[in-house]
Amino acid sequence: MHEQSSSRGRRMAGAGALAVSLGLCLCAGQLVAPSAASAAPIITAAASAKVTPSVKSSISTRSITYGAKIKVTAKYINPANGKVITSGTVRLQALRKNKWVNLSAKALSSSGSVTLTGEPHVSGAVRAYYVGTPTYKAKAGGKFSVTVKAPGATKVISEAKKHVGSLYKYGAAGPSRFDCSGYTMWVYKKAVGKSLPHKANSQQKYGKSVAKGSKQVGDLIIFRNGSYGYHAGIYAGGGYMYDSPHTGARVSKRKMIGSNYVVRRLV
């Protein structure tokens, strides 16, 4: 009885090995061929690669007064076939402390374009950002630098422009002739009612200290020799300033004269 059981076990084991080699199933001692569905190899379709859009963007203005709005227009195209992209959302973003924050968002139109409106409250970079779809990758448009001027800054620049051409005179503080600190003293007082002393070195202690990279139109600029302030001007944007330079010169808008300066915000 024991021999018969052992012999039967050996036959079953042999049949099992044969079944495995033939791709068959040993069920209840019988060889059964697997179904076609279970025998078929599993094939996973590779996902189609996403397309990176091309984009053209523009901005309505690069300089606004606080509270005003900008418009950024962007158009997205499939570079593979030249057709416009009509699906997906685009965000208007502003760069704040090295992070992009959303100002507004809008879906692409049937023309593949979108116009986004936003109200940036501080100067900095803005861009249009396509968030992507299952077909298209996310894509950022061009980065634009926007200057936001305080209402008071607009008044300061307007007053500064009125005196372009006025002759320099040492110790003068208006109304028709100025030295450097006399000019800034006059402009801030007339434009926004801010009182400054008649000396560049003393003026660098007034207003709020601002980093050079954050200076805005209408800010007071004090040029220094070491830490001593020897010349004053009013920032006009783009690396220019309004000032009353020196004897024989006139009030004008000109390139800033050096890199050793401090920025003071009075408005």
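Strand E9 and strand E11 (residues 144-149) run antiparallel and are joined by three bridges; strands here are DSSP runs of at least two residues, helices are H or I runs of at least four, and both are numbered from the N terminus. Two strands count as paired if DSSP finds at least two bridges between them. One of the matched pairs puts Gly124 with Val146 in E11. All of this comes from a predicted model, where local features need pLDDT of at least 70, side-chain atom pairs count only at pLDDT 80 or more, and totals for chains, interfaces and linings use all residues. Residues are numbered from 1 along each chain as its sequence is written, and side-chain values use heavy atoms, with hydrogens and water left out.

E9 has other partners too. Five bridges tie it to E6, again antiparallel, with Gln93 sitting opposite Arg127 in E9. Strand E10 (residues 139-140) pairs with E9 in the antiparallel sense over two bridges, and there Tyr130 is matched with Lys139. E9 itself, residues 124-130, is mostly covered, with five of its seven residues buried (under 20% relative accessible area with a 1.4 Å probe and protein chains only; exposed is over 50%, partly exposed in between).

Asn78 is found in the loop that links strand E5 (70-77) to strand E6 (89-96). Its relative accessibility is 7%, so Asn78 counts as buried. The side chains of Asn78 and Tyr136 share a polar contact of 3.3 Å (N or O atoms within 3.5 Å; within protein, one able to donate a hydrogen and the other to accept it, and residues adjacent in sequence counting only if both atoms are side-chain atoms). Leaving out residues up to four places away in sequence, Asn78 touches Val51, Lys83, Ile85 and Tyr136, with contact taken as heavy atoms within 4.5 Å.

As for pockets, the largest holds about 390 Å³ of space, a volume being the space filled by probe spheres set on grid points joined across faces, edges and corners. A pocket is an open set of points on a 1 Å grid over the protein atoms alone, where a 1.4 Å probe fits, with protein on both sides within 12 Å along at least five of seven lines; lining residues have an atom within 4 Å of a point. The largest pocket has 18 lining residues, with Ser123, Gly213, Ser214, Lys215 and Gln216 nearest its centre. E11, strand E12 (208-210) and strand E14 (228-237) each give two or more residues to that lining.
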